[in-house]
Amino acid sequence: VKVLLTGGSGFIAAHIVDILLQHGFDTVFTVRSDDKGKRILENHPNTPKEKLSYVIVKDVAQDGAFDEAVKSNPPFDYVLHTASPFHFNVQDPVKDFLDPAIKGTTGILKAIKAHAPTVKRVVITSSFAAIVNPKQHPKVYSEKEWNPVTWEEALDHSNVYRASKKAAWDFVENEKPNFDIATINPPLVFGPIVHYLNSLEAINTSNQRMRNLIQGQFKEQIPPTGTFLYVDVRDVALAHVRAIEVAEAGGKRFFVTAGFFSNKEIVDTVRKTHSELESKLPPKDTPSDFPSDIYEIDNSRSKEILGIKYRSFADTVADTISSLQELKLVP
Ligand code: NDP
């Protein structure tokens with residue numbers, strides 16, 4: 001069974017590669033350059049090239065970007081689409097964010113419809129951002145909720161990211177392709193780094209606070225938590241692979257979250273698991289910004305259908321910190 005995975009060089013995608021190979025899938029990933037592709041293959045020295053290879057897709061926002069990548073012999077059975085920008089240094093919201101996110105997603109769906117008739121399902125990395133309604137939180141967040149941001153609001157920098165994740169469902173409704181889709185909607189993803197990083201500056205957005213903490217940036221003041229929900233990257237990666245393995249996952253969104261957290265709880269956990277970092281941490285009695293009143297969450301669909309058993313916060317934090325230390329990039 002053969003899978004195309006887009007954005008192979010990413011933080012989440014690197015874990016997906018590992019799980020696809022463990023579960024026996026033949027995997028082809030896309031990357032933006034030959035160098036990036038080779039580096040990933042070097043991480044899997046014992047995997048034969050029929051099992052793991054790459055194709056280059058330079059920019060997912062270009063028309064026809066995926067037309068060649070989706071063709072393959074033997075042909076693909078499934079596609080996992082993770083390639084999308086995830087950062088907050090947006091200069092031009094349309095060019096930097098909405099185009100790659102929306103055109104990238106509709107572009108790959110169009111290419112599959114036109115050139116890859118054997119594909120049965122496309123799993124797309126979406127986000128809690130496509131669920132959250134920050135102006136008016138519901139009592140309980142689950143897959144039933146949709147972020148109500150409009151295109152005009154999306155042009156405002158802070159909203160760009162939240163608006164960019166619904167295009168796939170509209171495509172399926174309007175185009176009625178042969179495949180179905182499923183989306184994985186995680187909140188903040190933490191976890192060990194298994195992809196290539198040449199410097200800690202290049203760390204993916206969601207792990208930046210872990211890097212900042214070990215560099216001592218939490219010592220004077222713990223930064224605001226932002227979204228109080230997290231999930232472990234290994235659970236997110238497994239959810240993607242289960243979403244192709246489990247028939248009833250088709251046509252569904254999956255809110256994959258392990259639960260609530262705050263930056264203060266990261267500090268408390270690190271204090272217990274990594275005592276060598278004590279001098280980098282703020283005082284024990286520093287207050288937490290976790291609100292006294294917060295919405296509830298319902299992640300039961302991901303447990304029941306995808307069989308995800310979420311890792312504990314302590315394991316996630318400890319493994320993330322250890323992984324950053326092992327990168328030997330920490331000054
Ligand atoms: P990374 O930044 O580590 O990975 C992003 C991937 O997308 C990289 O492979 C990157 O390639 C590729 N990419 C970005 N823009 C383009 C483009 N224009 N053309 C081609 N490839 C592109 O992020 P994550 O692994 O954290 O995120 C992956 C997905 O998960 C994204 O869709 C993101 O929105 C979503 N997500 C992530 C969350 C998190 O907390 N991490 C939370 C919720 C959703 P390159 O390496 O060459 O730059």
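In this predicted model, the loop between helix 10 (300-304) and helix 11 holds Lys-309. Lys-309 is exposed, because only 8 other C-beta atoms lie within 10 Å, and a residue counts as exposed at 12 or fewer. From C-alpha to C-alpha, Lys-309 stands 28 Å from Val-119, with the two positions 190 residues apart in sequence.

Helix 11, which follows that loop, runs over residues 313-326 and has 14 residues; the distance from its first C-alpha to its last is 20 Å, close to the 20 Å expected at 1.5 Å a residue. Its buried residues include Thr-316, Val-317, Thr-320, Ile-321 and Leu-324. These residues lie on the same side of helix 11, because they cover an arc of only 120 degrees around the axis. Among the elements that cover the buried residues of helix 11 are strand 8 (188-190), helix 7 (208-214), strand 9 (229-232) and helix 9 (263-273).

The largest nonpolar core has 82 residues, and those with the most contacts inside it are Leu-5, Ile-16, Val-79, Ile-112, Val-236, Ala-239 and Ala-243. Helix 8 (residues 233-245) gives the largest share of this core, 8 residues. When neighbours within four places in sequence are left aside, Ala-243 is in contact with Val-123, Ala-182, Ile-184, Ala-249, Phe-254 and Leu-306.

The ligand is surrounded by 24 residues, of which the closest are Gly-7, Gly-10, Phe-11, Ser-84 and Ser-206. Helix 1 (11-22) and strand 8 are the elements that give two or more residues to this shell, and the largest share, 3 residues, comes from helix 1. Strand 8 therefore appears in two settings, since it is among the elements covering the buried residues of helix 11 and also contributes to the shell around the ligand. The composition of the shell is as follows.

| Class of shell residue | Number of residues |
|---|---|
| Nonpolar | 12 residues |
| Polar | 9 residues |
| Charged | 3 residues |

Two loop positions deserve a separate look for their backbone geometry. The peptide bond from Asn-73 to Pro-74 is cis, with omega near -5 degrees, and Pro-74 lies in the loop that joins strand 3 (52-56) to strand 4 (78-81). In the loop between helix 6 (167-175) and strand 7 (180-185) lies Lys-176, whose phi is near 45 degrees, a positive value in a residue other than glycine. Lys-176 is exposed, because 8 other C-beta atoms lie within 10 Å.

Note on methods:
Residues are numbered from 1 along each chain as its sequence is written. This is a predicted model: local features need pLDDT of at least 70, side-chain atom pairs count only at pLDDT 80 or more; totals for chains, interfaces and linings use all residues. Helices (H or I, at least four residues) and strands (E, at least two) are DSSP runs, numbered from the N terminus. The expected span of a helix is 1.5 Å times one less than its number of residues. A residue is buried if 20 or more other C-beta atoms lie within 10 Å of its own, exposed if 12 or fewer, and partly exposed in between; C-beta atoms are placed from the backbone. The arc is that of the directions from the helix axis to the C-beta atoms. Two residues are in contact if their C-beta atoms, placed from the backbone, lie within 7 Å. A nonpolar core is a set of buried Ala, Val, Leu, Ile, Met, Phe, Trp, Tyr and Cys residues joined through C-beta atoms within 7 Å. A residue is near a molecule or strand if its C-beta atom, placed from the backbone, lies within 6 Å of it. Ala, Val, Leu, Ile, Met, Phe, Trp, Tyr, Cys and Pro count as nonpolar, Asp, Glu, Lys and Arg as charged, and the others, Gly among them, as polar.
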